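Hi,

Here is the structure I promised to send you. Have a look at it first, then read my notes underneath.

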Amino acid sequence: MSGISDIIITKNDAAILAMKIKAKYAQIVVDTYPEVLNTHPHSQGAILSLVINRGASFIVPSVAARVEMKNIQTDFTQGNLADIPVQIRSMKRLWVGKGLDGLIKRREGEAKLFE
């Protein structure tokens, strides 16, 4: 019986796949937060990372769990970029005490990219 550990992919094919996935999610970011194109590339990368990890939905798994993602969209449309780090930091509430300290640290770094 074969499993996921039996999958073999070349480094070149892995790089091609990674670029396709990045392009797919980059388009989702632009569709969801079009104003991101007016920000520094590091800030764009922070939002890309956020969407790759969390998706772009404002309602799944629940509105309460996605409120910051929606608030970020509002911040972009209203030109309130200074509030985006607040929203990114607020999301950390979802991961505190769940052994996700690395994720919390990464989100802090992403928040700083907007400051």
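About 7,300 Å² of the protein is exposed, and 62% of that area is supplied by carbon and sulfur atoms. Keep in mind that this is a predicted model. Of its 115 residues, 31% count as buried. Along the principal axes, the C-alpha atoms fill a box of roughly 50 × 35 × 25 Å.

On charges: there are 15 positive and 11 negative side chains, and the centres of these two sets are 3 Å apart.

Now the fold. You'll find five helices and zero strands, so the pattern along the sequence reads α-α-α-α-α. How much of the contact list comes from residues far apart in the chain? Taking contacts with a separation of 6 or more, 47% are between residues 24 or more positions apart.

Helix α2 is a good one to look at in detail. It covers residues 41-54, which makes 14 residues. At 1.5 Å a residue the helix should span 20 Å, and its end C-alpha atoms are indeed 20 Å apart, so expectation and model agree. Which residues of α2 are buried? They are S43, A46, I47, L48, S49, L50, V51 and R54. These buried residues pack against α1 (11-32), α3 (63-77), α4 (84-91) and α5 (101-112). Right after α2 comes G55, which has a positive phi, near 85 degrees.

Y25 gives you a view of α2 from another helix, since Y25 is found in α1. Leaving out residues up to four places away in sequence, Y25 touches L48, V51 and I52. Is Y25 buried, exposed or partly exposed? Its relative accessibility is 22%, and the cut-off for buried is under 20%, so Y25 counts as partly exposed. Its C-alpha atom is 21 Å from that of P85, a residue 60 places away along the chain.

Next, the aromatic rings. The structure holds three aromatic pairs. One of them joins Y33 and F76: the ring centres are 5.7 Å apart with 50 degrees between the planes, and the pair is tilted. Y33 sits in the loop between α1 and α2 while F76 belongs to helix α3, so this pair ties together parts that are 43 residues apart in sequence. Both partners are tucked away: Y33 is buried at 0% relative accessible area, and F76 is buried at 3%.

F76 has another ring partner, F114. Here the centres are 6.3 Å apart and the planes are at 70 degrees; planes over 60 degrees apart count as edge-to-face, so that is what this pair is. It links distant parts of the chain as well, with F76 in α3 and F114 in the segment after α5, 38 residues apart. F76 and F114 are both buried. Put the ring pairs together and you get a cluster of Y33, F58, F76 and F114.

For contrast, go to I8, in the segment before α1. Is I8 buried or exposed? With 79% relative accessibility, I8 counts as exposed. The C-alpha atoms of I8 and V86 are 42 Å apart, and the two residues are separated by 78 places along the chain.

If you open the model yourself, try finding the ring cluster around F76, then go to α2 and pick out its buried residues, including L48 and V51. Those are also two of the residues that Y25 touches.

Cheers

Technical notes
Residues numbered from 1 in each chain as written. Predicted model: local features only at pLDDT ≥ 70, side-chain atom pairs only at ≥ 80, totals over all residues. Heavy atoms only, no water. Helix = DSSP H or I, 4+ residues; strand = E, 2+ residues; numbered from the N terminus. Expected span 1.5 Å × (residues − 1). Buried < 20%, exposed > 50% of the residue type's maximum accessible area, 1.4 Å probe, protein only. Contact = heavy atoms within 4.5 Å. Phe/Tyr/Trp six-rings, centres within 6.5 Å; stacked < 30°, edge-to-face > 60°. Areas by Shrake-Rupley, 256 points an atom, 1.4 Å probe, with all protein chains shown as cover. Lys, Arg positive; Asp, Glu negative; His and termini not counted. Charge placed at Lys NZ, Arg CZ, Asp CG, Glu CD.
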